[in-house]
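Me: I am new to this structure and would like a close look at a single part of it. Please start with one residue and work outward from there.

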Amino acid sequence: MDLDAFTAVHRPEWDRLTELTKRRRLDGAEADEIVRLYQAVATHLSTVRSTAPDPATVTRLSELLARARTKITGAHEPAWSDVVRFTVVTVPAALYRIRWWILGVTVAFLAVAVTAGVWVAVDPDALAAMGTPSQRQQYVDEAFASYYDPQASFAAMVWTNNAWIAAQMIATGITGVFPVYVLLNNAVQIGATGGMMAAHGELALFGQLIAPHGLLELTSIFVAGAAGLKLFWTWVDPGPRRRGTALAAEGRSLVTVAVGLVGALALSGLVEGFVTGSALPWWLKIVIGALALAAFLAYALVLGRRAAAAGETGDLDAERAGAVLPTAG
């Protein structure tokens, strides 16, 4: 097909559709005309894509059709069905896609934390670096347990702080540096604290106060770190897609992960704020934390697997994501 000739023949229709999309009001005849032109230009776009996929022409027609569609149908109004679908399909699909990255981050984090803990517990010099004997004893006897104050303000503080850290790890993931820094720093701190508690004979107390909320909280941080590193790896190796296209698709999916983590971190914040420091038996606290983690894993793996099998990725649908420019194979 001669693209120049095709453009010359149909440009008047394209220009007329452009004009109609810019008008604030349309009368009855113009409303009928914009629908007819929309259908005609959609056919033109399909023809161009299949026979002469010029990126500039495809972009122009795609944008024109998007504006015309909005003019015809009005802006999209989110409905409850959209919210439900996002919650039970889109978010689980996005989480399921990065499950192996999450597993890798989890294993690496635990390896560093255990190493740091054992080092502090058995090496006097490493233990001494945690503070003077009186400072360490005061922390073990009072400060560690008193931190968990069962009240709403504490739960809100924990939630917002962790959600902000998770969002930063995803947003700056493309650097490949910040997520690693946050994960490594937290692994060393948690491990070293556990090692110090163990050296003073309070490893059981450490587990009782960390496990209830930490199971879900740390898993959420692992997810955020995995999402950020996945974005970095997409930049390094975009696969068959253009780098910009791959990063855009991955970025949209991982924003979905960030939104999903808000709920998970809210739940872990509630557990930390009202369960960890409460007077409940320690075993019941851990059971509550384990149930919270189990619910999240079922949400991500069971619903996520079902959504992935249906072809969901956590990305926006084609209409909302925008047209993809054709590229040479």
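**A buried glutamate and its surroundings**

Reply: Glu30 counts as buried because its relative accessibility is 13%, and the cut-off for buried is under 20%. The model is a predicted one. Glu30 sits in helix 2, which covers residues 28-51. Leaving aside residues up to four places away in sequence, Glu30 is in contact with Arg16, Leu20, Arg23 and Arg25.

Helix 2 also has a neighbour further along the chain. The buried residues of helix 3 pack against helix 2 and against helix 1, residues 3-22. Those buried residues are Thr57, Val58, Leu61, Ser62, Leu64, Leu65 and Ala68. Helix 3 itself runs over residues 55-73, 19 residues in total. From its first C-alpha to its last, helix 3 reaches 27 Å, close to the 27 Å expected at 1.5 Å a residue. A general point helps in reading such a list: an α-helix has 3.6 residues a turn, so residues three or four places apart point the same way.

The wider setting is helical. The protein chain has 13 helices and 0 strands. Of its 329 residues, 38% are buried. Among contacts in the chain with a separation of 6 or more, 77% join residues 24 or more positions apart.

Further along the chain comes helix 9, residues 178-199, with 22 residues. Helix 9 reaches 31 Å between its first and last C-alpha, close to the 32 Å expected at 1.5 Å a residue. Its buried residues include Pro179, Val182, Leu183 and Ala187, and Gly191, Ala192, Thr193, Gly194, Gly195, Met196 and Met197 are also among them. Just after helix 9, Gly201 takes a positive phi of about 75°.

Helix 10, residues 203-236, packs with helix 11, residues 243-276, at an angle of about 170°, and their axes are 9 Å apart. Helix 10 is therefore roughly antiparallel to helix 11. The residues of this contact divide into 18 nonpolar, 6 polar and 5 charged.

A record adds one more layer. In an unreviewed entry, UniProt places the feature "transmembrane region" at residues 100-122, 163-183, 190-209, 215-233, 254-276 and 282-302. In the model, residues 163-183 are 71% helix and 0% strand, with end C-alpha atoms 15 Å apart. Residues 190-209 are 85% helix and 0% strand, and their end C-alpha atoms lie 12 Å apart.

Note on methods
Residues are numbered from 1 along each chain as its sequence is written. This is a predicted model: local features need pLDDT of at least 70, side-chain atom pairs count only at pLDDT 80 or more; totals for chains, interfaces and linings use all residues. Side-chain values use heavy atoms; hydrogens and water are left out. Helices (H or I, at least four residues) and strands (E, at least two) are DSSP runs, numbered from the N terminus. Buried means under 20% relative accessible area, exposed over 50%, partly exposed in between (1.4 Å probe, protein chains only). Contact means heavy atoms within 4.5 Å. The expected span of a helix is 1.5 Å times one less than its number of residues. Axes are lines fitted to C-alpha atoms, for helices over the stretch in contact, and angles run from 0 to 180 degrees between N-to-C directions. Angles under 35 degrees count as roughly parallel, over 145 as roughly antiparallel, 65 to 115 as roughly perpendicular and the rest as oblique. Ala, Val, Leu, Ile, Met, Phe, Trp, Tyr, Cys and Pro count as nonpolar, Asp, Glu, Lys and Arg as charged, and the others, Gly among them, as polar. UniProt positions are given in the numbering used here, feature names are shortened, and annotations may be inferred rather than shown by experiment.
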